Amino acid sequence: MKTRRDFIKISALGVGAAAVTAGASKFLVGSPLFSGSVQDGYNKNYKRVPTYCEVCFWKCAGWAYVSEEGKIKKIIGNDDDPQCNGRLCPRGTGGVGMVYDTDRLKTPLIRVGEPGSQTYRQASWDEALTFIADKMKTIKQNYGAESIALFNHGSAGHYFTHLLNAFGSTSITAPSFAQCRGPREVGFETTFGFQIGSPEPTDIRDTRCMVLIGSHIGENMHNAQVQEMSDAIDKGAVIITVDPRLSTAASKSKYWLPIKPSTDIALLLSWIHVLIYDELYNKEYVELQTTGFKQLKEHVRNFTPEWAYGITTIAPDQIRKTAKEMAAAAPAVIVHPGRHVTWYGDDSQRSRAIALLNALLGSWGARGGFFVKEGAGLPDHPHPPYPKAAWSWVDVLNGKYPFASMSVTNTFIEASIPGPENKHQIRGWFVAGTNLPVAIPLKKQLDEAIQHLDLVVVVDTMPTEITGYADVVLPECTYLERYDDIRDAPHREPSLALRMPAIEPMYETKPAWWIAKQIGEKLDLHAYFDYDDYKEVLEWQVKQLGLSYEDLEKTGVIVLPRRKGSPYLDNSVAQHFKTASGKIELYSENLANHGFDPMPVYTPHPEPEEGFYRLIYGRAPMHTFSRTANNPNLVDLMKENSVWVNPRVAKLWGLKKDQYVHLKNQDGMISHFPIKVRITERIRWDSVYMVHGFGHNRKELSRAFGRGANDTEMITNVLIDPLMGGTGMRGNFVTFVLNHDQSNKEA
Ligand SMILES: Nc1nc2c(c(=O)[nH]1)N[C@H]1C(S)=C(S)[C@@H](COP(=O)(O)OP(=O)(O)OC[C@H]3O[C@@H](n4cnc5c(=O)[nH]c(N)nc54)[C@H](O)[C@@H]3O)O[C@H]1N2
Ligand SMILES: Nc1nc2c(c(=O)[nH]1)N[C@H]1C(S)=C(S)[C@@H](COP(=O)(O)OP(=O)(O)OC[C@H]3O[C@@H](n4cnc5c(=O)[nH]c(N)nc54)[C@H](O)[C@@H]3O)O[C@H]1N2
Ligand code: SF4
Ligand SMILES: [Mo]
């Protein structure tokens, strides 16, 4: 039999299926990771160029193979990279499709006509950048530099952050907090004093039990996590998956708990009850490392499995059995913090309940639990100090959301709309690498904000929805055509990964570092951009670590030894946690002082009315959000999403397999496009499910336009987390509209 190493190499080349080792195939059966097409064969004359993937934020390091004609033929994983172990996921392999998608943005564009009109003319770079710099100067003169904000996600963000910082603004924000992982960072920080961060320091490789609360690893394709989970299953780890849907992970789990959506806090509290009252928790650890145990014990006294059963529909013996499994594996156990956790508005508290379970099991710093990560710590390229901004995102919050440890996108949108409360109005936007109308479920506010802005610049690679909001659209080249910052991902061991251009930028496209520098030059900020090519910055940085840039070019990845000792803590001695008490806080004075529940409380959420079903959503292994829906290679793997419907519901509505229906939500919003019905026992009868990122309405996206439905359109009821401002998106209910008359809608 082939070794796992062979398997990894072979599947990266696309020949995988036959060589899959038993365990891995069990977990990932049906995943296109292993369904590869036959590879067109290597040509020894191909040039190999190091890169790391930008199709999602796991940033796997790989090699781009370029033919003599200058065409990128293939991308494969870098064997030395601990983030991917030599293997890319189907999206990473399909990344070449971003380069050769002929729908790409090709030249700078300037709006013709009023804000809101989507007519553009081509412009030269110099005209577009001069236009932007002039507007920025006027805004600064009239309102201050702080009133220009950046919305960013991905590599481009750093260069525009630097530009705005040099210009005098720290008004920087990203959807990765309030639309993604913010609540878990708050839940863990208020408990352990540490955030989880990305990539997650979950020691899945050596875990003996992992609990996934709606975290659908396997469809959520974050590479090394999926591989480690596959290995852990091979080694006999117990997986417990809590999900109203039989996810890929659930299908490989020893226990699938098909919970009634929105009731997870009740389950978590009853697990805590069982651990404490059946004396299954780690007593020495709790004694040594935590405060507030007495209060927690009292708090959960009545949260028995029988109590939780009535709320969650999970049988009491299942709750007890699974709690025992966790305790038996402890401390090599992970109650996974999840990643996209903005669900119901009480998400920080749900995340805190998850943190509390980990605390009772002693998994923090334990092998097979959470390790202590370490990064390489690349120094910043030298530049003059930034001017001090008169106000920042904290002032934009205006006292709201006291536990927001990062800026909250939604408050920037609100701050762009004039009003009596609005003391720090935002006047101009840079948007780099985020498709706001799809990523943030506040379309009405977004549409209104745009009307009031003096400048909207969008830097993107594709003509996605956000580009239609721009005054100026700037086409970035794809990640395979540019240098970018060196990846410094903190993990068990620090590692560096290099991205350099595999080919010259196509059309008139340019890298974001170049765009930011040109604008900087026009704003007389030359001293902040003291380089001609970004390669100079990378060379300087690598040199500061005493390493050779030439070596990094040759290997693509350098793994460094840890300087801070073992990734595991000696939990037999008291550890220092970054909380006020220096201990793990089971009872949080900090939360209580701000008027929040010091320990998580279950509150019931509204339920669907008759004929409506809760809309839940997630990921498909072959797509990333809305950014890949037009990628020619990935469209081949999955061209549209479908709505998962339980057979009981399908029968009630007379729905047939593959029939197209429109969806209508509780506020009467009807989906722009119809969606295909998938009838399956894998979803509870009270919910429907769809993959996020489809239903594009830009005709310029020739492959994605009109394919499937857009979940964000149906998310008009947004449940804001009062601790940190996250936009909970799962409080929406939909019904089916059969034979919807589309004649009254624009095409
Ligand atoms: N309804 C709903 N909303 C969600 C989610 C959900 O599941 N459902 N998920 C949430 C989560 S977890 C997250 S993290 C966010 C993600 O939010 P986003 O990161 O905004 O996700 P995308 O929709 O992929 O938009 C990415 C944009 O970046 C562009 N882009 C891609 N590559 C590059 C590049 O190299 N350079 C530049 N300049 N641009 C590039 C793409 O063309 C696209 O316009 O969405 C959140 N919003
Ligand atoms: N292929 C692929 N992988 C990705 C991404 C991608 O775009 N594509 N994006 C990456 C990013 S940035 C993120 S944040 C992650 C997101 O991925 P995760 O954090 O793993 O998952 P979520 O999107 O929060 O949750 C999706 C799951 O939650 C279940 N669910 C819905 N409602 C409930 C509920 O009330 N209770 C419980 N217990 N479960 C529920 C759904 O059925 C679904 O299986 O994925 C990452 N990985
Ligand atoms: S997990 Fe896949 S899409 Fe994400 S960086 Fe790695 S290869 Fe690229
Ligand atoms: Mo995310």
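These exercises, each with a worked solution, walk you through parts of a predicted model.

**Exercise 1. Find which residues of the largest nonpolar core touch the most other members, and look at the surroundings of Leu474.**

Solution.
- Step 1: Start with the core itself, which has 73 residues. Ile132, Met136, Phe160, Phe430 and Leu474 touch the most other members.
- Step 2: Now pick Leu474 and set aside its neighbours within four places in sequence. Its remaining contacts are Pro108, Trp125, Ala128, Leu129, Ile132, Val457, Val458, Val459, Asp460 and Ile515.
- Step 3: Do not stop at one core: a second, separate one has 68 residues, among them Met326, Ala327, Met599 and Tyr602.

**Exercise 2. Work out how many residues of helix H20 are buried, and what covers them.**

Solution.
- Step 1: Helix H20 spans residues 512-522. Counting a residue as buried when its relative accessible area is under 20%, we find 8 of the 11 residues buried, so the helix is largely enclosed by the rest of the structure.
- Step 2: The buried residues are Ala512, Trp513, Trp514, Ile515, Ala516, Lys517, Ile519 and Gly520.
- Step 3: Their cover includes three helices, H5 (125-143), H6 (156-167) and H21 (534-544). It also includes the strands S13 (428-432), S14 (455-460) and S15 (472-475).
- Step 4: Look past the end of the helix too: H20 is followed by Asp524, which has a positive phi near 60°.

**Exercise 3. Decide whether the two faces of strand S27 are covered or open, and name the strands it pairs with.**

Solution.
- Step 1: In S27 (residues 733-737), 5 of the 5 residues are buried, so the strand is largely enclosed by the rest of the structure.
- Step 2: Split the strand by side. Phe733, Thr735 and Val737 lie on one side, Val734 and Phe736 on the other, and all are buried, so both faces are covered.
- Step 3: Strand S20 (residues 613-618) pairs with S27 in the antiparallel sense over 2 bridges. Here Tyr613 has Val734 as its bridge partner.
- Step 4: Strand S22 (residues 660-665) also runs antiparallel to S27, joined to it by 4 bridges. In this pairing Leu663 is matched with Phe736.

**Exercise 4. Classify the ring pair formed by Phe188 and Phe192.**

Solution.
- Step 1: The structure holds 26 aromatic pairs. A pair of aromatic rings is described by the distance of the centres and the angle of the planes.
- Step 2: For Phe188 and Phe192 the centres are 5.7 Å apart and the planes are at 20°, so the pair is stacked.
- Step 3: Both residues lie in helix H7 (residues 175-192), 4 residues apart, or about one turn of the helix. An α-helix has 3.6 residues a turn, so residues three or four places apart point the same way.
- Step 4: Phe188 and Phe192 are both buried. Ring pairs link them with Phe194, Trp364, Phe370 and Phe577 into a cluster.

**Exercise 5. Describe where Arg684 sits, and whether it is buried or exposed.**

Solution.
- Step 1: Arg684 is in the loop between strand S23 (675-679) and strand S24 (687-691).
- Step 2: Its relative accessible area is 13%, so Arg684 is buried.
- Step 3: Leaving aside neighbours within four places in sequence, Arg684 contacts Pro244, Pro258, Ile259, Lys260, Pro261, Thr312, Thr313 and Asn646.

Conventions:
Residues numbered from 1 in each chain as written. Chains lettered and ligands numbered in written order. Predicted model: local features only at pLDDT ≥ 70, side-chain atom pairs only at ≥ 80, totals over all residues. Heavy atoms only, no water. Core = buried A, V, L, I, M, F, W, Y, C linked by side-chain atoms within 4.5 Å. Buried < 20%, exposed > 50% of the residue type's maximum accessible area, 1.4 Å probe, protein only. Contact = heavy atoms within 4.5 Å. Pairing = 2+ DSSP bridges. Phe/Tyr/Trp six-rings, centres within 6.5 Å; stacked < 30°, edge-to-face > 60°.
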